[in-house]
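User: Could you take a look at this one with me?

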Amino acid sequence: MNKFSLKCFGVGDGWPCADRTHAAFLYRFGKVTFLIDCGEPISCSYKSTGPDYDTIDRIFISHLHSDHIAGFFMLMQGFWLEQRQKDLPIHLPADGIKPLRQMLDAAYLFDELLAFRLLFEPLHAGQPVVTHNVRVTPFHSSHLDSLRASFQKKYPQDFVAYCFLLESDRLRIGHSADIGAPEDLSPLLEKPLDLLVCELAHFKPQDLFRYLKGRDIRRIVFTHVGRRYWDDLEETRLLAAQMLPDIPFSFAHDGEEITL
Ligand SMILES: [Zn+2]
Ligand SMILES: [Zn+2]
């Protein structure tokens, strides 16, 4: 009943990649299931893995970069054709709600066709989303701060990105999504973590490892590893082993399932 698992559907970074697909993570806490991010080809990976189409309780979208959202429309077309029945709340940056709705209409995925209700909910930093005994709290990530500084005048959007803290009765899990600096993880690390799922693309690995050294974290899974660190994975792994001698860690591959 309380069994936890994390299915890493896509562990690639934002670059086109032949051996990894884009960000999508299925978290299961017993009967409560969330999908974090919808990088493509999530519809294909979801179908090939075989969960029922009513399994997912909520979808969280960390931010609107294509490597986190480009699979959303095919996933929704799949939910329509596979006759999902259960309401589906989608939690995302407020900026995305109107354009996503417009694109669903443009793709002929009208509310009237769906056997389930699609509910769009804006994320707010520090405000948890509660499902039975599981809380998901988004926190601000600085991932888009420099883009905001350069472009917000011309493109008046919020430019927000979120990382997430997932808490159940017995587990405390951090999910970085895309962050601008290791310090963005600080609200997730205020108490011990059972698992940290952490990106490794937007800063030097040694900066992250230095920041995490000595923290009370039971296990780290690195994802979204930047191409140059992925191409030299053995070197990256060695550096992690040297700098994080006390924390078990691994580098996730597509399709890997993590249990605790
Ligand atoms: Zn990304
Ligand atoms: Zn991004």
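Analyst: What follows is a short talk through one strand and its neighbours, then the whole chain.
This is a predicted model, in which local features need pLDDT of at least 70, side-chain atom pairs count only at pLDDT 80 or more, and totals for chains, interfaces and linings use all residues. Residues are numbered from 1 along each chain as its sequence is written, and chains are lettered from A and ligands numbered from 1 in the order in which they are written.

User: Is strand β2 (residues 24–29) buried or exposed?
Analyst: Six of the six residues of β2 are buried, so the strand is largely enclosed by the rest of the structure; buried means that 20 or more other C-beta atoms, placed from the backbone, lie within 10 Å of the residue's own. Strands here are DSSP runs (E, at least two residues), numbered from the N terminus.

User: Which residues point which way from β2?
Analyst: Ala 24, Leu 26 and Arg 28 point one way, while Phe 25, Tyr 27 and Phe 29 point the other way, and all are buried.

User: And what does β2 pair with?
Analyst: Strand β1 (residues 4–10) runs antiparallel to β2 and is joined to it by six bridges, with Gly 10 opposite Ala 24; strands pair if DSSP finds at least two bridges between them. On β3 (residues 32–36), also antiparallel to β2, there are five bridges, and Ile 36 is the bridge partner of Phe 25.

User: What sits between β2 and β3?
Analyst: Two residues separate them in a hairpin, and Gly 30 in the turn has a positive phi of about 60°.

User: Switching to the whole chain, how much is buried?
Analyst: Of its 260 residues, 40% count as buried.

Conventions: A residue is buried if 20 or more other C-beta atoms lie within 10 Å of its own, exposed if 12 or fewer, and partly exposed in between; C-beta atoms are placed from the backbone. Helices (H or I, at least four residues) and strands (E, at least two) are DSSP runs, numbered from the N terminus.
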